[in-house]
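Colleague: I have a model open in front of me and would like some help in reading it. Could we go through a few features together, one at a time?

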Amino acid sequence: MITIKTPKVYINEVGSISRSGEYISKIGKNPLIIAGEKAKKAVGDEFFASLEKNGISPKNVQIFSGYPSQTQFDSYAEKAKSANSDVIIGIGGGRVLDTAKATADILGLPAITVPTVAATCAAWAAVTIQYDDEGGYVRSRLNKNSAQLVIADPKVIFTAPERYLFSGVVDTFAKFYEIRPTTEFFPEDVPSAIAIKASKIAFENLERDTFKAIFDSKKGVYGEVAKNVIDAIIYLAGFAGSFRGEHGHYSFAHPFYHTSTRLHHSNIKLHGEKVAFGIVTQLILEGKSDSEVLDAIRIFSRYENAHTLEDFALTTEKDLDFISEQVPEIFYYVPYKEKSAIKSALVKADSLSKIFRGQK
């Protein structure tokens with residue numbers, strides 16, 4: 001059985017923040033709003049004014065900090081019950097959006113996501129990456145539905161620091177690298193064939209449009225290229241990730257990221273930044289040539305994501321042993337099972353990244 005979960009409505013339009021109330025009023029009138037402090041400022045007064053204009057209560061705003069943990073989900077669920085909320089709205093980056101989706105899932109309420117950065121496809125995906133209260137990965141929590149509505153305003157998203165956009169770009173590239181092995185092992189797998197096509201389009205669009213969109217945004221222009229970039233990171237990456245057949249995706253990059261978060265001292269980089277290094281390691285595990293791996297590092301470097309283990313504070317034998325042991329233990333579907341091979345690939349990925357830096 002194949003189940004496809006996608007939002008009912010996805011809006012990627014300049015000015016959509018100021019019209020949010022029109023869209024939200026079709027879903028609920030008494031939301032619990034979970035927002036990061038910076039994210040609340042990013043959507044500004046016009047978002048909340050639009051709610052009031054459309055008869056929606058703007059009062060139940062909870063400022064988020066920390067990680068999407070069970071503690072957070074339970075706390076927000078209780079607050080939503082107390083307020084008789086009929087919809088959960090998440091405003092911010094991936095952690096906030098994942099928390100809003102899980103809270104809505106617990107309560108059986110619709111979720112609305114309002115991304116203020118394009119650092120992942122969290123606004124779209126019907127999954128919450130659940131952590132413990134200290135930021136260590138617990139599980140990928142499968143929600144019954146995606147967010148019912150996604151409101152992405154290019155003017156808001158392109159105001160965020162470029163680092164977040166670049167994280168989203170390389171995280172989207174990862175969809176291609178992580179889906180490709182499944183299509184090679186199982187060429188008749190239709191969901192993976194669909195997913196790889198979507199990921200290719202996203203990859204190509206980002207390579208073509210990202211820097212043009214940044215250039216335009218600095219002049220206050222948010223045209224088609226800006227929308228293309230946001231579509232690639234949120235919509236196309238989320239769409240590709242939602243197509244999983246019986247084989248799943250034969251990947252290493254995201255399992256590397258998730259496992260590394262259990263080493264709390266390494267949580268100093270964004271999701272996509274660690275995933276990029278995970279892709280490099282995966283290519284080595286796949287047996288790709290050094291030149292192919294260096295080509296990937298070169299692509300990532302354009303988005304300031306040619307990292308080494310030192311950048312993640314993963315420098316000890318103990319760190320590498322932990323990751324090498326935990327990845328196949330936590331993620332049973334990962335085809336790379338040998339601890340020694342994983343450790344060797346991590347070291348080689350680090351070495352090739354250093355070689356690339358030295359050649360620049």
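Modeller: Gladly, and keep in mind that this is a predicted model.

Colleague: Let me start with a helix pair. At what angle do the axes of helix H10 and helix H11 cross?

Modeller: The general idea comes first. Two packed helices are described by the angle between their axes and the distance between the axes. Here, H10 covers residues 271-285 and H11 covers residues 290-301. Their axes cross at roughly 170 degrees and come within 9 Å. Angles over 145 degrees count as roughly antiparallel, and H10 and H11 are therefore roughly antiparallel to each other.

Colleague: Which residues make the contact between H10 and H11?

Modeller: From H10, look for Ala-276, Ile-279, Val-280, Leu-283 and Ile-284. H11 contributes Val-293, Ala-296, Ile-297 and Phe-300. By class, this contact has nine nonpolar residues, no polar ones and no charged ones.

Colleague: Next, empty space. How many cavities of 30 Å³ or more does a search of the whole structure find?

Modeller: Again, the idea first. Rolling a probe the size of a water molecule over the atoms shows where empty space is left. In this model, the search gives two cavities of 30 Å³ or more. The second largest has a volume of about 30 Å³, and its lining takes us back to the helix pair: H10 and H11 each supply at least two of the lining residues.

Colleague: Which of the helices gives the most to that lining?

Modeller: H10 does, with three residues. The lining of this second largest cavity includes Ala-276, Phe-277, Val-280, Ile-297 and Phe-300. Asn-305, Ala-306, His-307 and Ser-353 also line it. By class, that lining has six nonpolar and three polar residues, with no charged ones.

Colleague: And what lines the largest cavity?

Modeller: The largest cavity holds about 50 Å³ of space. Among its lining residues are Gly-92, Gly-93, Gly-94, Leu-97, Pro-115 and Ile-234. Eight residues of this lining are nonpolar, four are polar and none is charged.

Colleague: What about open space, such as the second largest pocket: what is its volume?

Modeller: That pocket has a volume of about 240 Å³. It is lined by 16 residues, and Leu-109, Pro-110, Ala-111, Asn-145 and Ser-146 lie nearest its centre. Helix H4, residues 94-107, gives the most to the lining, with three residues. By class, the pocket lining has six nonpolar, six polar and four charged residues.

Colleague: Now single residues. Is Thr-172 buried or exposed?

Modeller: Under 20% relative accessible area means buried, so Thr-172, at 2%, counts as buried. Thr-172 sits in helix H6, residues 162-185. Leaving aside neighbours within four places in sequence, Thr-172 is in contact with Ala-202, Leu-206, Ala-232, Ile-233 and Ala-237.

Colleague: My last topic is backbone angles. What is phi of Asn-84 near?

Modeller: Phi of Asn-84 is near 55 degrees, which is a positive value in a residue other than glycine. Asn-84 lies in the loop between helix H3 (70-82) and strand S4 (87-92). With 62% relative accessibility, Asn-84 counts as exposed.

Colleague: Where is Glu-304 placed?

Modeller: Glu-304 is in the loop between H11 and helix H12 (317-330). Its phi is also positive, near 60 degrees. Glu-304 has a relative accessible area of 56% and is exposed.

Technical notes. Residues are numbered from 1 along each chain as its sequence is written. This is a predicted model: local features need pLDDT of at least 70, side-chain atom pairs count only at pLDDT 80 or more; totals for chains, interfaces and linings use all residues. Side-chain values use heavy atoms; hydrogens and water are left out. Axes are lines fitted to C-alpha atoms, for helices over the stretch in contact, and angles run from 0 to 180 degrees between N-to-C directions. Helices (H or I, at least four residues) and strands (E, at least two) are DSSP runs, numbered from the N terminus. Angles under 35 degrees count as roughly parallel, over 145 as roughly antiparallel, 65 to 115 as roughly perpendicular and the rest as oblique. Contact means heavy atoms within 4.5 Å. Ala, Val, Leu, Ile, Met, Phe, Trp, Tyr, Cys and Pro count as nonpolar, Asp, Glu, Lys and Arg as charged, and the others, Gly among them, as polar. On a 1 Å grid over the protein atoms alone, a cavity is a set of points where a 1.4 Å probe fits but cannot get out, and a pocket is an open set with protein on both sides within 12 Å along at least five of seven lines; lining residues have an atom within 4 Å of a point. Grid points are joined across faces, edges and corners, and a volume is the space filled by probe spheres set on the points. Buried means under 20% relative accessible area, exposed over 50%, partly exposed in between (1.4 Å probe, protein chains only).
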